[in-house]
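User: Could you take me through the empty spaces in this protein before I go back to the bench?

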Amino acid sequence: MNATELRASLGLAGIYALRMLGMFLILPVFAIYAKTLQGADNHTLIGIALGSYGLTQAILQLPLGMLSDRIGRKKVIYGGLLLFAIGSFVAAGAHDIATLTVGRVIQGAGAISAAITALLADLTREENRTKAMAMIGMSIGTTFAASLVMGPLLAKYIGVNGIFALTGFLSLAALIGVWLIIPDPAQSRFHSDTEANAKRLPAVMKDGQLLRLNYGIFALHAAQMAMFVTVPFALIKTAHLDKSQHWQVYLPVTVIGFILMVPAIIYGEKKARLKPVFIGAIALMTAAQLGMALALDSFWQIVTWLSLYFIAFNILEATLPSLISKIAPADAKGTAIGVYNTSQSFGLFLGAAAGGWLYSHYGPAGVFGFTTLLMLSWLIWSLGMQPPKAVRSVMLHIGDTWQGDAEALSRELAGVAGVHEASVLLADRVAYLKVSQQQWDEAEVRRLIDATF
């Protein structure tokens with residue numbers, strides 16, 4: 001990476017992390033706090049308030065990403081961060097569940113993830129984009145784990161309304177960071193690897209392999225939100241832990257999850273055994289949900305099930321994007337990711353709402369009975385998944401003035417040893433390849449690409 005690319009990648013990863021930090025911090029303490037507000041005697045309303053962020057995010061993130069193609073990336077990002085800050089301050093000042101829900105809805109309307117990845121694509125060369133995207137992915141994972149520990153501690157000292165206010169200030173800080181730190185792109189254009197293409201949506205939506213993964217991320221995050229509507233109360237009632245002490249549970253189980261995730265991912269990728277690792281993680285998640293449905297009667301039971309949950313969750317969170325990249329058509333990767341992210345957001349909303357309703361009527365057993373069925377249905381559907389090819393994505397720039405036959409060049413590239421798929425898009429001035437993880441004739445591919453300059 002050159003200096004501009006490194007500055008853009010680190011800066012956007014940091015800005016993304018600042019925004020997500022505000023969202024994740026409230027997860028472990030939200031339900032307990034919301035219960036103290038006026039009108040929150042119905043647990044269903046708590047779930048809706050928690051998940052309403054996901055509903056507006058799901059509705060707006062693809063349209064706002066496409067809007068950034070027309071009016072500019074930074075304008076959309078500025079607007080989204082400002083909306084997020086406004087929603088945070090509304091939530092901070094809420095004295096009733098309805099106002100809190102309004103704040104969450106406004107927060108979700110600041111759906112800028114697609115615009116951020118598009119800006120990152122504008123500022124990085126094709127051969128470095130995977131590294132840049134990995135920085136954002138790492139920042140999200142680290143922020144999530146840190147938030148589970150920091151959230152209860154911050155709630156003790158500044159309260160949950162203070163966390164919302166802090167979230168608003170973090171969002172404004174991120175806005176200033178975009179202005180001062182992130183370079184303006186010399187040119188903004190559509191990128192098939194990071195942005196959704198409306199023309200490719202029908203094909204992506206009909207792809208059975210991708211549908212399995214979209215359902216999976218929906219179910220995974222629906223179960224996550226249902227869990228955070230329920231587990232904080234179990235830690236108080238069963239484990240007799242004050243909400244400020246919940247970090248003492250979340251810290252070790254998240255650390256265990258991260259440590260055990262690494263060898264599983266390395267084994268799956270290096271040995272081309274990603275499907276068995278993936279199926280095994282879903283099975284482990286199903287067992288964790290079933291355990292919570294049947295036995296949350298002691299502190300150590302809660303710790304055991306949460307440990308299994310976070311091991312499975314971390315593996316699945318890491319493998320799902322990798323599978324999307326391997327399975328999606330080379331020229332529709334951005335569209336596939338957009339649908340995947342939208343499915344995740346809908347899962348956030350429906351999982352929280354369903355979890356709240358089930359807790360009100362059937363208690364924790366009802367909530368985790370529901371999440372067990374979600375995981376079991378995902379497990380059964382995933383058994384028929386085709387093992388993903390041991391490939392990785394490569395993007396190479398083609399000559400800015402080259403006007404040759406893109407289809408012919410695609411066929412030539414696809415015929416090179418170790419290249420499984422190739423798609424040349426003149427509009428993007430890029431060749432998208434899926435190449436063998438073990439060995440591919442990079443010299444021959446670069447010879448063909450160099451001929452376009």
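Analyst: What follows goes through the cavities and then a pocket of this structure, which is a predicted model.

User: How many cavities of 30 Å³ or more does the structure hold?

Analyst: There are two cavities of 30 Å³ or more; the largest encloses about 80 Å³ of space, while the second largest has a volume of about 50 Å³.

User: Which residues line the largest cavity?

Analyst: Its lining is made up of Asp193, Ser325, Pro329, Ala330, Lys333, Ser393, Val394, Met395, Tyr432, Leu433 and Lys434, and the elements that give two or more residues to this lining are strand E1 (391-397) and strand E3 (430-436). By class, the lining of the largest cavity has six nonpolar, two polar and three charged residues.

User: And what lines the second largest cavity?

Analyst: Among the residues that line the second largest cavity are Glu269, Arg273, Leu274, Lys326, Pro388 and Gln437, and the whole lining divides into four nonpolar, two polar and four charged residues.

User: Switching to pockets, how much space lies in the second largest one?

Analyst: The second largest pocket holds about 370 Å³, and of the 19 residues that line this pocket, the closest to its centre are Ala121, Asp122, Thr124, Gln187 and Arg189.

User: Which helices give two or more residues to that lining?

Analyst: Helix H1 (3-25) and helix H6 (113-123) do, with H6 providing the largest share, three residues.

User: What about the classes there?

Analyst: The lining of the second largest pocket has five nonpolar, six polar and eight charged residues.

Note on methods
Residues numbered from 1 in each chain as written. Predicted model: local features only at pLDDT ≥ 70, side-chain atom pairs only at ≥ 80, totals over all residues. Heavy atoms only, no water. 1 Å grid on protein atoms, 1.4 Å probe; cavity = no way out; pocket = protein on both sides within 12 Å on 5 of 7 lines; lining within 4 Å. Points joined across faces, edges and corners; volume = space filled by probe spheres on them. Helix = DSSP H or I, 4+ residues; strand = E, 2+ residues; numbered from the N terminus. Nonpolar A, V, L, I, M, F, W, Y, C, P; charged D, E, K, R; others polar.
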